[in-house]
Amino acid sequence: MPLVPDLGRASPLRVAVAGAGYVGTCLGVALAERGAEVVAIDSDPATVADLRAGRCRLPEPGLAAAVADLTAAGRLSASTSYDAVTGVDVVLVTVGTPTDPRGEMVTDQLVAACEQMAGRLHAGQLVIVKSTVSPGTTRTLVAPLLERGGLVRECDFGLAFCPERLAEGVALAQVRALPVVVGGIGPRSAAAAERFWRSALGVDVHQVPSAEAAEVVKLATNWWIDANVAIANELARYCAALDVDVLDVIGAANTLPKGGSMVNLLMPGVGVGGSCLTKDPWMAWRDGRSRGVPLRTVETSRAVNDDMPRYTASLIADELLKLGRDRSDTTVAVLGAAFKNDTGDVRNTPVRGVVSALREAGFRIRVFDPLADPAEIAARFDLTPAASLDEAVAGAGCLAFLAGHRQFHELDFGALTNRVDSPCLVFDGRMHLAPARIRELHRLGFAYRGIGR
């Protein structure tokens with residue numbers, strides 16, 4: 001019996017997405033757009049109610065509109081019950097796998113999903129795990145749990161791991177175009193998963209020899225990003241000591257061919273945040289330690305990036321004191337609270353650490369982010385955010401751009417000169433302003449300081 005249905009049949013492919021969070025919703029939308037009938041399964045009744053009503057509160061450009069359209073068309077539905085698994089061809093597992101304070105993976109949601117699925121799977125179905133897990137989890141945890149229902153992997157049902165690789169802000173575009181990495185629990189599962197992605201999404205597929213290899217791909221990707229950002233951040237601090245612009249150095253260094261590509265130093269910033277980059281390297285580190293392989297670059301990169309909020313706050317404070325500003329009489333307008341440019345996601349944002357350090361230093365703080373939910377800012381920063389940019393900058397002695405949203409790049413700084421309190425510092429945390437823009441700021445009477453600039 002094939003482990004995936006006839007993809008050339010006349011009837012639509014039926015897919016269940018277990019976990020209607022960020023990844024699951026984006027995947028469900030992309031599959032439904034290409035003609036699949038998708039049911040999102042989630043344990044949160046509010047999330048399910050939203051999806052059934054065609055609503056989506058996740059801060060991803062285009063996602064809310066797509067959910068509304070697909071729900072109205074009947075191609076996207078939602079349920080709190082795993083009974084929906086019995087009527088589908090493919091199940092995608094996208095439940096959360098957070099880490100605890102010790103860095104250990106918390107498998108509660110994954111175990112619960114597998115237990116719910118076990119008695120509902122039928123022969124010929126394909127299960128694909130997208131949740132980030134420690135290497136070996138698909139084979140040693142997921143497979144035995146699913147087999148409790150009496151079916152056998154590779155014989156009755158297919159099981160594969162495919163790492164999630166979406167970036168917030170461009171996730172919908174990426175899910176429609178990025179190659180998918182596939183690692184099966186065996187050759188039949190791998191082949192079935194490859195056929196599914198090629199047909200259902202129309203994307204290229206890169207098959208690796210095992211589920212374990214695919215699991216490592218996700219950890220390796222974010223380990224590399226974290227380490228690269230750490231290099232950029234330390235390079236920025238080094239360049240600052242030399243009175244050299246780090247962006248000049250990065251731009252020149254990245255012109256060198258190396259291997260099959262180019263040197264690719266990323267940009268420095270106020271730190272690393274989000275739900276993956278702060279977690280996945282530690283997941284690899286703990287697994288490596290359990291196997292007698294110390295991953296020292298993980299330790300170093302995490303230490304460097306975790307220190308950036310403190311370093312950023314000290315830069316702002318030092319520059320303001322150089323301008324003769326008094327801490328207790330200076331308002332810092334923090335513009336951009338999200339962990340990443342052009343998103344409104346404030347989960348694990350490094351901006352929170354900057355704000356905390358500045359408040360402890362005695363500065364008055366206002367926070368404004370045009371993309372973030374004010375209630376989320378209030379909950380995570382323990383303050384009421386400014387309702388508008390005008391409110392945030394009024395009388396401020398520092399405009400600290402800690403997220404480089406497009407809206408901020410379009411600002412008319414000349415119009416702000418009468419709103420701020422002079423002398424006013426423009427601090428560039430993640431805008432990476434061009435030299436001409438910096439010269440414009442100086443002409444307008446602003447002081448300027450950036451990370452490594």
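Strand 1 (residues 14-18) and strand 2 (residues 37-41) run parallel to each other, joined by 5 bridges. If you want a concrete pair to look for in this predicted model, take A18, whose bridge partner in strand 2 is I41. As a reminder, the strands of a sheet pair through backbone hydrogen bonds, in either a parallel or an antiparallel manner.

These two strands belong to an open sheet of 8 strands, with the order 3-2-1-4-5-6-7-8 and mixed pairing. At its edges stand strand 3 (76-79) and strand 8 (205-208); each has a single partner strand, so one side of each is left without a neighbour in the sheet. From one strand to the next, the twist averages 25°.

**Around strand 5**

Which residues of strand 5 are buried on its two faces? On one side of strand 5 (residues 126-129) they are L126 and I128, and on the other V127 and V129, so that both faces are covered; the cut-off for buried is under 20% relative accessible area.

Strand 5 also has parallel partners to visit. With strand 4 (residues 90-93) it shares 4 bridges, and I128 is the bridge partner of L92. Between strand 4 and strand 5 the chain passes through helix 4 (residues 108-118), making a right-handed β-α-β crossover.

Strand 6 (residues 158-161) pairs with strand 5 in the parallel sense, again over 4 bridges, and here L126 stands opposite G158. The chain gets from strand 5 to strand 6 by way of helix 5 (residues 137-147), and this β-α-β crossover is right-handed. Helix 5 itself lies across strand 5, strand 6 and strand 7 (180-184), at about 150° to strand 6.

**The sheet of strands 11 to 15**

Further along the chain, 5 strands form an open sheet with parallel pairing, in the order 12-11-13-14-15. Strand 12 (364-368) and strand 15 (447-450) are the edge strands, each pairing on one side only. Neighbouring strands here are turned against each other by 20° on average, direction ignored.

Within this sheet, strand 11 (residues 331-335) and strand 13 (residues 398-401) are parallel partners over 4 bridges, with L335 standing opposite F401 in strand 13. Helix 12 (residues 308-322) lies across strand 11, strand 13, strand 14 (425-428) and strand 15, and runs at about 160° to strand 14.

Here are the strand pairs described so far, side by side:

| Strand pair | Sense | Bridges | A facing pair |
|---|---|---|---|
| Strand 1 and strand 2 | parallel | 5 bridges | A18 and I41 |
| Strand 4 and strand 5 | parallel | 4 bridges | L92 and I128 |
| Strand 5 and strand 6 | parallel | 4 bridges | L126 and G158 |
| Strand 11 and strand 13 | parallel | 4 bridges | L335 and F401 |

**Two helical spots**

A200 lies in helix 7 (residues 187-200). Is A200 buried or exposed? Its relative accessibility is 9%, so A200 counts as buried. Leaving aside neighbours within four places in sequence, A200 is in contact with L13, L31 and R34. A200 and A36 make a nice example of a link across the sequence: they are 164 residues apart along the chain, but their C-alpha atoms are 7.4 Å apart in space.

Helix 10 (residues 280-290) is mostly covered, with 8 of its 11 residues buried. Those buried residues are D280, P281, M283, A284, W285, R286, D287 and G288. What do they pack against? Their partners are helix 8 (211-242) and helix 11 (296-306). Just after helix 10 comes G292, which takes a positive phi of about 80°.

**The chain as a whole**

Stepping back, the chain has 17 helices and 15 strands. Its radius of gyration is 24 Å, close to the 22 Å that the globule rule gives for 453 residues, so the chain is as compact as a globular protein of that length. Along the principal axes, the C-alpha trace spans about 75 × 50 × 40 Å.

Of the 453 residues, 53% count as buried. The chain exposes about 18900 Å², and carbon and sulfur atoms supply 53% of that area. Among contacts between residues at least 6 apart in sequence, 74% join residues at least 24 apart.

Key:
Residues numbered from 1 in each chain as written. Predicted model: local features only at pLDDT ≥ 70, side-chain atom pairs only at ≥ 80, totals over all residues. Heavy atoms only, no water. Buried < 20%, exposed > 50% of the residue type's maximum accessible area, 1.4 Å probe, protein only. Pairing = 2+ DSSP bridges. Right-handed = clockwise from strand over helix to strand, strands pointing away. Axes fitted to C-alpha atoms, helices over the stretch in contact; angles between N-to-C directions. Contact = heavy atoms within 4.5 Å. Rg over C-alpha atoms; globule rule 2.2 N^0.38 Å. Areas by Shrake-Rupley, 256 points an atom, 1.4 Å probe, with all protein chains shown as cover.
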